[in-house]
Amino acid sequence: MSVSKADGEGGFPTVVRLVGEADVTTRELGDVLGAEAAKKPRLLLVDLSDLTFIDSAALHEIVRVHRRLRADGGVLALVSPSPGVARVLQLSGLDQVIPVHASAAEASAK
């Protein structure tokens, strides 16, 4: 898995883009999301459009950051999950806890 991010400037949210597979071996995910949450953004988007697989360890990292941001008054939102990842979000019920949007524009408009 690779992680890239675009810093939000001019009122735009920070976007962390996940590519490939996110599993227990992906330590970078927690590091990057944790570093972004420490900045206390109003909105942090995680783009899942190029993520082909996600396991419970990666879901745990996302939930951990979601809780941290929420405690600081921010929001973590998931954007454009691939069909397989969307299915995992539905089966886990995470799509009922963390906002999931079809696009970054849609998430930013909320």
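**Surface, fold and the packing of helix α3**

The chain exposes about 5,800 Å², of which 53% is supplied by carbon and sulfur atoms. The structure is a predicted model. Buried residues account for 41% of the 110 residues in the chain.

Four helices and five strands are present in the chain. Their order along the sequence follows the pattern β-β-α-β-α-β-α-β-α. When contacts in the chain are restricted to residues at least 6 apart in sequence, 67% of these contacts join residues at least 24 apart.

Helix α3, spanning residues 83-92, was examined with respect to burial. The buried residues of this helix are Val85, Ala86 and Leu89. These residues lie on the same side of α3, because the arc they cover around the axis is only 105°. An α-helix has 3.6 residues a turn, so residues three or four places apart point the same way. On the other side of α3, Pro83 and Leu91 are exposed.

The packing partners of α3 comprise both strands and a helix. The buried residues of α3 pack against β3 (43-54), β4 (75-79) and β5 (100-101), and also against helix α2 (56-71). Val85, Ala86 and Leu89 are thus the residues of α3 that are buried, and the elements against which the buried residues of α3 pack include α2 and β3. Following α3 in the chain is Gly93, whose phi is positive, near 80°.

Conventions
Residues numbered from 1 in each chain as written. Predicted model: local features only at pLDDT ≥ 70, side-chain atom pairs only at ≥ 80, totals over all residues. Heavy atoms only, no water. Buried < 20%, exposed > 50% of the residue type's maximum accessible area, 1.4 Å probe, protein only. Helix = DSSP H or I, 4+ residues; strand = E, 2+ residues; numbered from the N terminus. Arc of directions from axis to C-beta. Contact = heavy atoms within 4.5 Å. Areas by Shrake-Rupley, 256 points an atom, 1.4 Å probe, with all protein chains shown as cover.
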